[in-house]
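Colleague: Please take a close look at a single part of this model, one helix and what it leads to. I should like the geometry, the burial and the contacts in one connected account.

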Amino acid sequence: MAEIVCLIIGIFLIIVIFRDILFTTYSMEGGGELTDFFLKHSWFGLLWLCGGDGRKKLLNYAGMFMMISLIVLWSLGLWLGVFLLFASDPSAIVHSDTLQHTDLWEKAYFSGYVLTTMGLGDYMPINAYWGILSAVFSFFGLLFITLMVSYAVPVLSNVITKKQLSLFVQQHGDSPAALIDYLWNGKDFSRLEQFRQQLQQSILTIAQSYRAYPILHYFHTNKQNESLIVTLCMLDETLAIMQQYISPEQWEEKELLPLQKAIDHYLNTMRDTYGYAEDESTEIPSLDLQMLSKMGIRWNNNSNFDWQRKQLWSRLLNSKGWTWKEVYPTQQAKVA
């Protein structure tokens with residue numbers, strides 16, 4: 001009876017783990033169920049240890065820790081599954097020289113070196129049936145190593161890309177008021193055209209990368225000007241202020257809306273891939289519109305703001321240990 005239980009559990013583990021690996025690395029539509037569960041709970045645990053403060057340096061290593069831990073968990077899961085399969089038959093693996101049956105520790109060793117294609121050759125399968133299974137598991141191990149390398153390289157590349165995107169925007173303005181001041185040339189917002197061309201494709205690429213590689217979201221930086229969520233929230237607030245409050249003859253809709261739709265794509269990815277929803281409990285600030293007058297910009301007192309969108313940004317900011325204070329400096333904001 002124990003042998004049958006080992007066989008069933010072993011097969012189940014191998015299928016579940018390998019399915020999770022394939023969905024995470026090849027589906028391009030988010031991670032597998034186990035991966036998503038592990039990543040979300042690991043991140044919230046690390047954020048809790050840091051007191052919910054995104055400026056803590058420990059969080060800079062969260063992505064690295066989670067990627068290594070995920071690979072280790074996958075490896076241990078496959079190893080355990082293969083071990084249980086071999087353990088279901090006491091005679092499955094024998095000593096190469098004496099043909100004596102191996103004990104459980106020796107089967108665990110054999111399982112590990114089959115998956116890693118390494119070993120001393122001191123154990124071998126008892127017959128062709130177990131020999132074929134060993135060859136299959138050896139192929140699985142080689143495939144697993146290849147998948148890990150092919151998965152890690154684009155993730156690390158996109159970590160650099162999203163930091164570059166954040167720094168590019170922040171160099172032009174570190175708040176909605178500063179960005180509006182940069183885009184305003186004294187007459188209109190014609191600078192938005194070049195700004196939009198440089199940003200739109202980058203935002204869409206990052207959004208797709210988040211969907212394809214969910215772990216990318218958990219590569220955190222404790223520097224505000226490198227944080228993608230803070231930067232995109234600030235940019236989205238800038239576009240919303242222009243659309244809602246600034247007289248439309250001063251800006252081109254064909255320049256503003258495509259950039260806003262690119263950010264829409266990012267927000268939809270946050271909803272669909274990571275399950276984020278609006279946070280209705282947070283006080284949400286907005287720009288003190290008198291600052292627009294000081295810049296010589298004509299504006300209308302229009303309260304038709306997309307509050308659900310701002311509530312989603314609240315949840316996203318809080319999920320990474322940030323607040324609206326990183327988006328709106330106190331002297332520029334008022335609580336709506």
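Modeller: The account below begins with one helix and then follows its surroundings.

The model is predicted, with local features requiring pLDDT of at least 70 and side-chain atom pairs pLDDT 80 or more, whereas totals for chains, interfaces and linings use all residues. Residues are numbered from 1 along each chain as its sequence is written, and side-chain values use heavy atoms, with hydrogens and water left out.

The helix chosen is H4, residues 104–115 (helices are DSSP runs of H or I of at least four residues, strands runs of E of at least two, numbered from the N terminus). H4 comprises 12 residues and reaches 17 Å from its first C-alpha to its last, close to the 16 Å expected at 1.5 Å a residue (the expected span being 1.5 Å times one less than the number of residues). At its start, a side-chain oxygen of Asp103 comes to within 3.2 Å of the backbone nitrogen of Trp105. This pair is a polar contact (N or O atoms within 3.5 Å, one able to donate a hydrogen and the other to accept it, with residues adjacent in sequence counting only if both atoms are side-chain atoms). At the other end, H4 is followed by Thr117, whose phi is positive, near 55°. The loop between E1 and H4 holds Leu99, a residue other than glycine whose phi is also positive, near 60°. Most residues other than glycine have a negative phi.

H4 is largely enclosed by the rest of the structure, because 9 of its 12 residues are buried (under 20% relative accessible area; exposed is over 50% and partly exposed in between, with a 1.4 Å probe and protein chains only). Among the buried residues are Phe110, Ser111, Tyr113 and Leu115. Ser111 counts as buried because its relative accessibility is 0%; by contrast, Leu99 is partly exposed, at 49%. Leaving aside neighbours within four places in sequence, Ser111 is in contact (heavy atoms within 4.5 Å) with Trp79, Val82, Phe83 and Phe86. The buried residues of H4 pack against helix H3 (62–87), strand E1 (93–95), strand E2 (123–125) and H5.

H5 leads onward to another helix. The 45 residues of H5 should span 66 Å at 1.5 Å a residue, and its end C-alpha atoms are 67 Å apart, which agrees. As H5 begins, the backbone nitrogen of Tyr129 has a side-chain oxygen of Asn127 within 3.2 Å. The axes of H5 (residues 128–172) and H7 (residues 192–212) come within 10 Å and cross at roughly 150° (axes are lines fitted to C-alpha atoms over the stretch in contact, with angles from 0 to 180 degrees between N-to-C directions). This crossing of H5 and H7 is left-handed (the near helix is turned anticlockwise from the far one by less than a right angle). On the H5 side the contact includes Leu165, Phe168 and Val169, and on the H7 side it includes Leu199, Ile203 and Ile206. The residues of the contact divide into 8 nonpolar, 6 polar and 1 charged (Ala, Val, Leu, Ile, Met, Phe, Trp, Tyr, Cys and Pro are nonpolar, Asp, Glu, Lys and Arg charged, the others, Gly among them, polar).

Ile203 lies in H7 and is buried, with a relative accessible area of 0%. Besides Leu165, Ile203 is in contact with Leu232, Leu235, Leu259, Ala262 and Ile263, leaving aside neighbours within four places in sequence. Its C-alpha atom is 9.9 Å from that of Asp264, 61 residues away along the chain.
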